[in-house]
Amino acid sequence: MDSFIEDKVWLGFDLSTQQLKSIAINENLEVVCEASVQFDSDLPEFRTTGGVHRHEDNQTATAPVLMWVKALELILDRLRVNGLDFSQVVGISGSGQQHGSVYWKRGARAVLQSLQGGKFLHEQLSQCFALGESPIWMDSSTSRECRQLEAHLGGAQHLAEVTGSRAYERFTASQIAKIAHTKAEVYSSTERISLVSSFLASLFIGDYAPIDLSDGSGMNLLDIKEKRWSSECLQFCGTELEAKLGSEVVPSSQVIGPLSEYFVERYGFHKDCYVVAFTGDNPASLAGMCLGPNDVAISLGTSDTAFLSLSTPKPALDGHIFCNPINEEHFMGLICFKNGSLTRERIRNTCADASWDIFNQLLESTPRGAFGNIGFYLDLPEIYPVVSGDFRYNRFDNEVTSFAAEVEIRACVESQFLRLRIHAENLGFKRSNSTRVLATGGASANHSIIAVLADVFNAPVYTYSIPNSAVLGSALLAKYAKEKETTSYYDMVLKLNANFKLVTKPSPDAGEIYDSLAERYRKLEDKLESKANGD
Ligand code: 5FX
C-alpha cells in the first residue's frame, strides 16, 4: 500500500496545554524532524498564559480554538523549514491534552469538507465554532454538575464502574452539561462536540473525526467495557448528545480517513497519506513509553503521576481507568497526586538545610522502612486522603509530633511512593517478576530517591531518554495502524529498547519490608480519610 513513497516517515503531533509539538519518525523509529509552537510567545495575539485563559471566578479555564488552528499552520511551516519533505509522510496521528472540548457550529462540517488550498485555515474556520473559548482540563467550575451526574448514575462508585472514573470537574461530561444547562443557545447551535484530540484530527481529514476509545474514556460518558457511549450518562448531559459526539468511538490505532485535499494542495503532502485517530496525551505517552502489561510509569514532578497497563481493571474512586491505546483487550490506569516535588523540597529545606546533597546523605543513611515510622506530608489537600497537614506515626501506629530529620526525610519519600503503589494496586496493578518501573520527571534524576522507588515497588527502575513521550507515541501509533494485522505493538517498538536505561534494582529485602509497610500505610490513610469525613 505504501510502496509509493521512498524514505517513508510518519508524523505525530501533540497539542498540549502550552505548546503544539510535532515529530517525524522513519522506518527505524528514529526522529528525523521536529518542530514546536509555543502558544504564549509564538501567538501573542491570543494573550494566553501557559496557553490558558483563566477567568475571574478562579475556576474557569479555557483556550481559544483559533489559536490551536493557527498553531497548526505555523508548525507545518516550521516542519518544512526544518527540512521535512511532506510528500514522504505516509501516515499522521496525534494527541491532545485530555478532557477539553471544542464546540463546532452548525454548518462547520460543510466548511471542513470544502477547504480551499489557497486560503489560510484559520480564515476559513473563523466562523465555525459555537464557542470561541474551549473549556480545558484545568477548569474546575463544574462541581455541581459532577454531583448531579453521580446522583443520576446512582452514586460515584457506579459511575466509576461504567466510565472508569467518578465525576471530575475537568472531565467532559460535566463540562458539556454546564454548557447545555447554562448556555442553551450555544448547545443547540452546536453541530458537533470534539475532544482536543479529535478536533485536531478533524482538521487533518477535513471532516468530523471520531473520538477514540482512550481519550473518550476521560469524559465520564463512555462505557469503557462495552466500548460505546453510556446512554445514562448522555441523557444527563443534554439532548441529542450522541449525535453531537458522533455515535462511533474508534480504537486509537484505527485509520480514520485519507488526509484532506487541503493539505495535499497547500503543503504538498502525498495524496495517499492516511490519518489515524488522535488520542489523549496520557494514552499517547503510554504508547511512547512502550509500557508493557505489568509495567508502571511514574512521573515525579509538581504532581506525582503514575500510569499503568492493566489487564483486569478495578475502577476506584481515587484514580482513572482508560481503554488502552496499544492493546484493545487491555486498559490503562492513571493516578495523580498533588503533593509531589514541592513537598519533597519543603522537607529538604526544613531537614537538610535546603541541600539535595545533605538530603540524599540522610536518606541513604536511614534504614529502609524508617524504623517502622510512617509519615503523611500533605501541603495541599490530597486526592486521597482529602486532608492537608503533616501526620506522623511510630511503629506502633501511634501518632507522634515529630521525627528526627533523617527519619522525616525517609518517611516523606517512602510515603509518597507507598501512596502511588497502593493506589495503583487499587486500580488493579499487580507486580510481577517482569515489572519495570519507568521513572520520568525532575526527581527521576536523583539516584537516592529512585533507589527508594525501586524498593517500594520491589522492581527495577529504568529511565527513558525520550523527551516527549506523547508526541513519540502519536508517531508510533501512526505507523502501527497499518502494521497491527501482522505485528504486535511491542514487536514493532523493539528497536526503542536501547533508550531504556536501568538505573537501579531493588534491595533483596525490599519485598519483605514494604509489603508490610504498605498494609499499615493503607490503614492509616483510610483512618485519615475517615477523620476528614467526620466518620
Ligand atoms: C489527565 O487526566 C489530565 O487532566 C492532564 O494530564 C491533561 O491530559 C494534560 F494535558
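This passage walks through several parts of a predicted model, from its strands and ligand site to a few unusual backbone angles.

A good place to begin is strand β17, which spans residues 296-300. This strand is mostly covered, with four of its five residues buried. β17 has a partner in strand β18, residues 304-310, and the two run antiparallel with five bridges joining them. One point of contact to look for in the structure is Leu 300, which stands opposite Asp 304 in β18. The link from β17 to β18 is a hairpin, made through three residues. β17 also pairs with strand β24, residues 437-440, in the parallel sense and over four bridges. Here Val 296 has Val 437 of β24 as its bridge partner. As background for reading any such pairing, side chains in a regular strand alternate between the two faces of the sheet.

A second set of strands makes an open sheet of three, in the order β21-β22-β23, with antiparallel pairing. β21 (374-378) and β23 (399-400) each have a single partner strand, so they stand at the edges and one side of each is left without a neighbour in the sheet. Between β21 and strand β22, residues 389-393, there are five bridges in the antiparallel sense. Gly 375 can be used to trace this pairing, as its bridge partner in β22 is Arg 392. The loop between β21 and β22 holds Pro 385. The peptide bond that joins Tyr 384 to Pro 385 is cis, with omega at about -5°.

On the other side of the pairing order, β22 is joined to β23 by two bridges, and these strands run antiparallel. Tyr 393 has Glu 399 in β23 as its bridge partner. β22 and β23 form a hairpin with five residues between them, and Asp 397 in the turn has a positive phi of about 65°.

Asp 397 leads to a wider point about backbone angles. Most residues other than glycine have a negative phi, and most peptide bonds are trans. Against that background, Cys 290 is worth a look, with a positive phi near 55°. Cys 290 sits in the loop between α14 (281-288) and β17. Its relative accessibility is 5%, and Cys 290 therefore counts as buried. Asn 458 likewise has a positive phi, near 50°. The loop that holds Asn 458 lies between α18 (447-457) and β25 (461-464). The C-alpha atom of Asn 458 is separated by 9.2 Å from that of Asp 515, and these residues are 57 apart along the chain. Asp 515 belongs to helix α21, residues 510-532. With a relative accessible area of 41%, Asp 515 is partly exposed.

The cysteines raise a natural question: how many disulfides does the model have? The count comes to zero. Cys 233 shows how this works, because its sulfur is 7.1 Å from the closest cysteine sulfur, in Cys 237, and that is too far for a bond. The cut-off used here is a pair of sulfur atoms within 2.5 Å. Cys 233 is buried, with a relative accessible area of 0%. Cys 128 also counts as buried, at 3% relative accessibility.

Another buried residue is Ser 214, at 0% relative accessibility. Ser 214 lies in helix α10, residues 213-216. Its side chain is joined to that of Ser 252 by a polar contact of 3.1 Å.

Finally, the model includes a ligand, and the residues around the ligand are Gln 97, Gln 98, His 99, Trp 137, Arg 170, Asp 281, Asn 282 and Leu 334. By type, this shell divides into two nonpolar, four polar and two charged residues. Which side chains have an N or O atom at a listed distance from a ligand oxygen atom? In His 99, the distance from a side-chain N or O atom to a ligand oxygen is 2.6 Å. For the side chain of Arg 170, the corresponding value is 2.8 Å. For the side chain of Asn 282, an N or O atom is 3.1 Å from an oxygen atom of the ligand. Taken alone, the ligand exposes 290 Å², and the protein buries 86% of that.

Technical notes. Residues are numbered from 1 along each chain as its sequence is written. This is a predicted model: local features need pLDDT of at least 70, side-chain atom pairs count only at pLDDT 80 or more; totals for chains, interfaces and linings use all residues. Side-chain values use heavy atoms; hydrogens and water are left out. Buried means under 20% relative accessible area, exposed over 50%, partly exposed in between (1.4 Å probe, protein chains only). Two strands pair if DSSP finds at least two bridges between them. A residue is near a molecule or strand if one of its heavy atoms lies within 4 Å of it. A polar contact is a pair of N or O atoms within 3.5 Å; within protein, one must be able to donate a hydrogen and the other to accept it, and residues adjacent in sequence count only if both atoms are side-chain atoms. Accessible areas come from the Shrake-Rupley method with a 1.4 Å probe; for residues, only the protein chains shown count as cover. Ala, Val, Leu, Ile, Met, Phe, Trp, Tyr, Cys and Pro count as nonpolar, Asp, Glu, Lys and Arg as charged, and the others, Gly among them, as polar.
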